[in-house]
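User: I'm new to this one and would like to learn how to read it. Could you walk me through it?

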Amino acid sequence: MEFIQNILIMDGQGKFVWFVLLVFLIVIFLNYYLPYRTIRKIQKENSQSREE
Amino acid sequence: MGSPPFFFEWASKLLPWFSPISFLILMIGLVWGIGFAPSDYKQGDVYRIIFVHVPSAILGQSIYLMMAIFGSICLIWRAKLAGMFLRSAAPLGASFTLIALISGAVWGKPTWGTWWVWDARLTSTLILFFLYVGIIGLYSSIDNKQRGDRAASLISVVGITIVPIIKKSVDWWQTLHQSSTFSLTSSPSMTADMYLPLLICVIGFYFIFVALLCNRLRAEILTRERNTGWVREYLNNKVPM
């Protein structure tokens, strides 16, 4: 428990480290998600045009 | 290899392998670096930002170098896939450079006492970020894809001069920024239990870049080639995700 607390707080410097990690994860997630959304949109448009 | 259908199939096969491998390598590097590497005797724990900052900065410059190579290929041979690579790599380069800038600013506050200084390394990295933004903006403003490719190629080839300036800025000018962490000619300035997780993080970042690039290239190829027979055939055999 103390080990986890030390990692989280890091003598008051944890907020800097965890914030950077959070920014990194958000940017990576967006870079994964946005192209998937584009592909899904193209697939949906194609299936709609086929139904018409 | 230069044909979009071939590359699309290749990227689709590569993606399911690269994504989990890159995630695994990155997890090992980050957990080791943030959870188990020793604290720095001077900076304490805040130095752990290095495990995100340095790989992002290296990748931001490497992606631009790759873009300049593909830009040259696009200008000389008019290869369609090279233009698609440029268009897909630019947002990734901008993202990694932005992470490097933000993490650098957050690291600067507790160590230098300020978020930002107009120092040679920081300013040249900011210029690199603006170059990426310029290339993305150029693609958005030019409707003709071929013209957009040529204009972006030109900027990426001309702008490559910024990469050696960033690399050498800490040697050429008096800066607050420390000298390079990685060097091919000298031994590392940090102990193995700090250096190894950093090395793993750098490798993990390169893997994640390949995975993200494959993903973006698939979307870009489908967008540009959506009226061709092979894309229609591919889409007709797929159900929406």
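**Reading two chains in contact**

Analyst: Happy to. Keep in mind that this is a predicted model. A good place to begin is a helix and its buried residues: in helix 2 of chain A, those are Phe16(A), Val17(A), Val20(A), Phe24(A), Ile28(A), Asn31(A) and Pro35(A).

User: What do the buried residues of helix 2 of chain A pack against?

Analyst: Look across to chain B: they pack against helix 1 (4-36), helix 2 (50-77), helix 3 (80-112) and helix 7 (192-224) of that chain.

User: How many residues does each chain bring to the contact?

Analyst: Chain A gives 25 residues and chain B gives 31 residues. On chain A's side, the largest share is 21 residues from helix 2 (residues 14-51). Sorted by class, that side of chain A has 15 nonpolar, 6 polar and 4 charged residues.

User: What span should helix 2 of chain A have, going by its residues?

Analyst: Count 1.5 Å a residue, so its 38 residues should span 56 Å. The end C-alpha atoms are 54 Å apart, which agrees.

User: How do the axes of helix 2 of chain A and helix 3 of chain B cross?

Analyst: Those two axes come within 10 Å and cross at roughly 170°. An angle over 145 degrees counts as roughly antiparallel, and therefore that is how helix 2 of chain A and helix 3 of chain B run relative to each other. Among the residues making this contact are Phe19(A), Val23(A) and Val27(A) on one helix, and Leu98(B), Ile102(B) and Trp107(B) on the other. By class, this helix pair's contact has 13 nonpolar, 3 polar and no charged residues.

User: Which residues are buried in helix 8 of chain B?

Analyst: In helix 8 (residues 229-236) of chain B, they are Val231(B), Tyr234(B) and Leu235(B). They cover an arc of only 95° around the axis, so they sit on the same side of helix 8 of chain B. The face turned away from that buried side carries the exposed residues Gly229(B), Glu233(B) and Asn236(B). As for partners, the buried residues of helix 8 of chain B pack against helix 2 of chain A together with helix 7 of chain B.

User: Where is Val210(B) placed, and why does Val210(B) count as partly exposed?

Analyst: Val210(B) is in helix 7 of chain B. Counting neighbours settles the rest: Val210(B) has 16 C-beta neighbours inside 10 Å, so it counts as partly exposed. Also compare sequence with space: Val210(B) and Ser22(B) are 188 residues apart in sequence, yet their C-alpha atoms are 8.8 Å apart.

Technical notes:
Residues numbered from 1 in each chain as written. Chains lettered and ligands numbered in written order. Predicted model: local features only at pLDDT ≥ 70, side-chain atom pairs only at ≥ 80, totals over all residues. Contact = placed C-beta atoms within 7 Å. Helix = DSSP H or I, 4+ residues; strand = E, 2+ residues; numbered from the N terminus. Nonpolar A, V, L, I, M, F, W, Y, C, P; charged D, E, K, R; others polar. Expected span 1.5 Å × (residues − 1). Buried ≥ 20, exposed ≤ 12 C-beta atoms within 10 Å, placed from the backbone. Arc of directions from axis to C-beta. Axes fitted to C-alpha atoms, helices over the stretch in contact; angles between N-to-C directions. Parallel < 35°, antiparallel > 145°, perpendicular 65-115°, else oblique.
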